Amino acid sequence: MAVLLSRLPYGKQTPMMGVVLDPLAAARHGFLAVLQDTRGRFASEGEWEPFTYEESDGYDTVRWAAALPGSNGSVGMISGSYFGNTQWMAALSKPPELEAIAPMITWSEPDDGLWTRGGAIELGLSVPWSLLQGADTLMHRHSTDLDGLVNGITGLVQDFDGLASGGYGELPAGRFPAFARHDLPELGYERSRREPEWAASCTVAGRHGEVDLPTFQVGGWFDIFGQGTLDNFTAMRRAGRSATLVMGPWTDTNWRHVVGDVNFGFGANSDFMGMRGRLGSARKGAPVEHVRDTEPYGMPLLMSLR
């Protein structure tokens with residue numbers, strides 16, 4: 001059996017995981033499903049440093065997954081946002097067993113939507129994201145200190161709740177005060193300014209020609225990374241790679257048919273879309289063939305790995 005792999009920092013039980021990879025559905029379709037917490041997150045050991053190790057860890061994980069009992073040696077990756085980027089990083093590391101990736105709602109250039117947009121810091125993403133991830137950091141840090149954990153989580157929640165009323169305006173801007181108070185890793189803006197070369201750890205732009213794999217890409221017209229999805233797709237096509245794109249009226253966290261005050265019709269719900277074409281010959285260097293069927297969303301490109 002081929003392996004479907006997803007590497008994420010949000011915990012394997014996160015509800016959004018089921019949107020793009022339902023392990024039971026994958027198993028019913030003849031796949032081995034592997035969900036892995038990234039380094040330093042939840043059940044994984046090590047230190048949590050966003051993006052820093054995803055290329056090397058992705059390489060090691062693909063090779064490990066390919067050798068699992070019952071595996072046929074082929075691995076495909078799937079999922080979106082941060083764990084869409086973990087796919088690109090793994091693909092750039094070139095593990096020989098990786099056959100295809102399905103990165104969804106993810107960026108191309110981190111300074112266009114992830115850390116900054118038009119030169120302005122994306123505080124609305126960077127700050128709440130970093131604080132939310134801080135809960136697991138504090139749980140690791142205070143695993144044997146209940147009082148320390150309670151105090152830490154309480155302070156974290158207070159900072160999160162106070163963002164709109166003044167937190168976003170705290171100074172100094174060079175090191176966001178809430179991150180310093182709780183000693184938390186941040187999304188990467190601050191580090192990328194201190195260490196510009198480090199930004200390559202999550203940058204796809206300019207490297208698409210290094211990815212000789214078929215890609216199935218999904219984006220949302222209202223997604224913060226919508227432009228990145230389009231950029232990734234067009235760059236892969238320009239590089240002569242097999243690439244397929246689906247865009248819908250979605251956001252980064254809402255793939256349903258109602259976005260804000262607008263109902264786009266039930267057909268726009270990603271759970272019930274008619275376009276679930278199986279890319280029957282999507283292997284390295286092979287042409288892409290669309291065949292309509294009823295495979296779960298996100299699996300079409302990867303079905304040929306079995």
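**Close-up 1. Salt bridge between Asp 111 and Arg 193 in the predicted model**. The closest N and O atoms of Asp 111 and Arg 193 are 2.8 Å apart. Asp 111 lies in the loop between β4 (98-104) and β5 (116-117) and Arg 193 in helix α8, so the salt bridge ties together parts of the chain that are 82 residues apart in sequence. Asp 111 is partly exposed, with a relative accessible area of 29%. Arg 193 also counts as partly exposed, at 39% relative accessibility.

**Close-up 2. Salt bridge between Glu 49 and Arg 191**. The side chains of Glu 49 and Arg 191 meet at 3.3 Å, N to O. Distant parts of the chain are linked by this pair: Glu 49 sits in the loop between β2 (32-37) and α3 (54-66), and Arg 191 belongs to helix α8 (residues 189-194), with the two positions 142 residues apart in numbering. For Glu 49 the relative accessible area is 27%, so this residue is classed as partly exposed. A network of salt bridges links Glu 49 and Arg 191 with Glu 195.

**Close-up 3. Salt bridge between Glu 190 and Arg 175**. In this pair the closest N and O atoms are 3.2 Å apart. Glu 190 is in helix α8, while Arg 175 is in the loop between α6 (146-161) and α7 (177-182); the two residues are 15 residues apart. Glu 190 counts as buried because its relative accessibility, 5%, is under 20%. Arg 175, at 30% relative accessibility, counts as partly exposed. The salt bridges of the model come to a count of 15.

**Close-up 4. The second largest pocket and its lining**. The volume of the second largest pocket is about 220 Å³. Its lining is made up of Gly 40, Gly 46, Glu 47, Trp 48, Thr 137, His 140, Arg 141, Arg 175, Asp 183, Leu 184 and Pro 185. Of these lining residues, three are nonpolar, four polar and four charged. Arg 175, one of the lining residues, is also the salt-bridge partner of Glu 190.

**Close-up 5. Surroundings of Thr 229 in helix α9**. Helix α9 spans residues 226-238 and contains Thr 229. Thr 229 has a relative accessible area of 2% and is therefore buried, the cut-off being under 20%. Apart from neighbours within four places in sequence, the residues in contact with Thr 229 are Ile 105, Thr 106, Gln 217, Val 218, Gly 219, Leu 245 and Met 247.

Definitions and conventions: Residues numbered from 1 in each chain as written. Predicted model: local features only at pLDDT ≥ 70, side-chain atom pairs only at ≥ 80, totals over all residues. Heavy atoms only, no water. 1 Å grid on protein atoms, 1.4 Å probe; cavity = no way out; pocket = protein on both sides within 12 Å on 5 of 7 lines; lining within 4 Å. Points joined across faces, edges and corners; volume = space filled by probe spheres on them. Nonpolar A, V, L, I, M, F, W, Y, C, P; charged D, E, K, R; others polar. Helix = DSSP H or I, 4+ residues; strand = E, 2+ residues; numbered from the N terminus. Buried < 20%, exposed > 50% of the residue type's maximum accessible area, 1.4 Å probe, protein only. Contact = heavy atoms within 4.5 Å. Salt bridge = Lys/Arg side-chain N within 4 Å of Asp/Glu carboxyl O.
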